[in-house]
Amino acid sequence: MKKIILAICTIALVSCASVGTQVKNEDLTGFKKGETTKEQVITKLGKPDTFGIDSDGNEIVTYTYAYMRPKGATFIPIVGIFAGGTNTTSSITTFTFKNNILEKYTSSNSELEGKMNLNSTSPK
């Protein structure tokens, strides 16, 4: 019985995955439009996932994050094909800088539910 419980705990621990840099709302409180520099943002949050430029020549810095967690039913033989899948939490936080000074930032979060799909074709 102990081996079964250990196996279940091991599967639960190794089956979750995360990628990117999570930026929480409380991380944003110290940033002030017109005052905060790009270097201050990067010092606090770490290296961004992407850098870009908008049509006005402003620098765009983006942090993305995703945490994927499989549904328990995924691990049940046969049942997992029909009831399995993942629950994913994700966030995107974008900072816009003009001359290395913060112009604005936006942050959005989402909760997604992925389902097992017997159709093996990929979305277009």
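## The hairpin of strands 2 and 3

Five residues sit between strand 2 and strand 3 in their hairpin, and one residue there, Gly57, has a positive phi near 85 degrees. The two strands, residues 50–53 and residues 59–70, run antiparallel and pair over four bridges. To find one of the contacts by eye, start at Phe51: its bridge partner in strand 3 is Val61.

## How far to trust the model

Keep in mind that this is a predicted model. The mean pLDDT of the protein chain comes to 81, with 69% of its residues at 70 or more. Confidence varies along the chain: among its elements, helix 1 (residues 2–14) has the lowest mean pLDDT, 55, while helix 3 (residues 38–45) has the highest, 96.

## Helix 3 and its buried side

Now for helix 3 itself. Which of its residues are buried? Lys38, Val41 and Leu45 are. They share one side of helix 3, because the arc they cover around the axis is only 65 degrees. There's a general point behind this kind of pattern: an α-helix has 3.6 residues a turn, so residues three or four places apart point the same way.

What do these buried residues pack against? Their partners are helix 2 (25–28), strand 3 and strand 4 (85–98). Just after helix 3 comes Gly46, with a positive phi near 95 degrees.

## A salt bridge from a buried lysine

A lysine in the buried set may catch your eye. Lys38 counts as buried because its relative accessibility is 14%, under the 20% cut-off. Lys38 also makes a salt bridge with Glu59, and the closest N and O atoms are 2.8 Å apart. Since Lys38 belongs to helix 3 and Glu59 to strand 3, the pair ties together parts that are 21 residues apart in sequence. How many salt bridges does the count give? It comes to one.

## Aromatic rings

A search through the whole structure turns up four aromatic pairs. One of them is Phe95 with Phe97, a stacked pair with 6.3 Å from centre to centre and 20 degrees between the planes. Phe95 is buried at 0% relative accessibility, and Phe97 is buried too, with a relative accessible area of 2%.

Phe95 also pairs with Tyr105: the ring centres are 5.8 Å apart and the planes are at 45 degrees, so this pair is tilted. Phe95 is in strand 4 and Tyr105 in strand 5, so the pair ties together parts ten residues apart in sequence. Is Tyr105 buried, partly exposed or exposed? Tyr105 is partly exposed, with a relative accessible area of 33%. Zoom out a bit and you'll find one aromatic cluster formed by Phe31, Tyr63, Phe95, Phe97 and Tyr105.

## Two asparagines with positive phi

Most residues other than glycine have a negative phi. Asn99 goes the other way, with a positive phi near 55 degrees, and Asn100 has a positive phi near 65 degrees. Where is Asn99 found? Asn99 is in the loop between strand 4 and strand 5 (101–115), and Asn100 is found in the loop between strand 4 and strand 5 as well.

Their accessibility is worth a look, too. Asn99 is exposed because its relative accessible area is 70%, over the 50% cut-off. Asn100 has a relative accessible area of 33%, so it counts as partly exposed.

Note on methods:
Residues are numbered from 1 along each chain as its sequence is written. This is a predicted model: local features need pLDDT of at least 70, side-chain atom pairs count only at pLDDT 80 or more; totals for chains, interfaces and linings use all residues. Side-chain values use heavy atoms; hydrogens and water are left out. pLDDT is the predictor's confidence in each residue, from 0 to 100. Two strands pair if DSSP finds at least two bridges between them. Buried means under 20% relative accessible area, exposed over 50%, partly exposed in between (1.4 Å probe, protein chains only). The arc is that of the directions from the helix axis to the C-beta atoms. Contact means heavy atoms within 4.5 Å. A salt bridge is a side-chain nitrogen of Lys or Arg within 4 Å of a carboxyl oxygen of Asp or Glu. Rings of Phe, Tyr and Trp (its six-membered ring) pair if their centres lie within 6.5 Å; planes under 30 degrees apart count as stacked, over 60 as edge-to-face and the rest as tilted.
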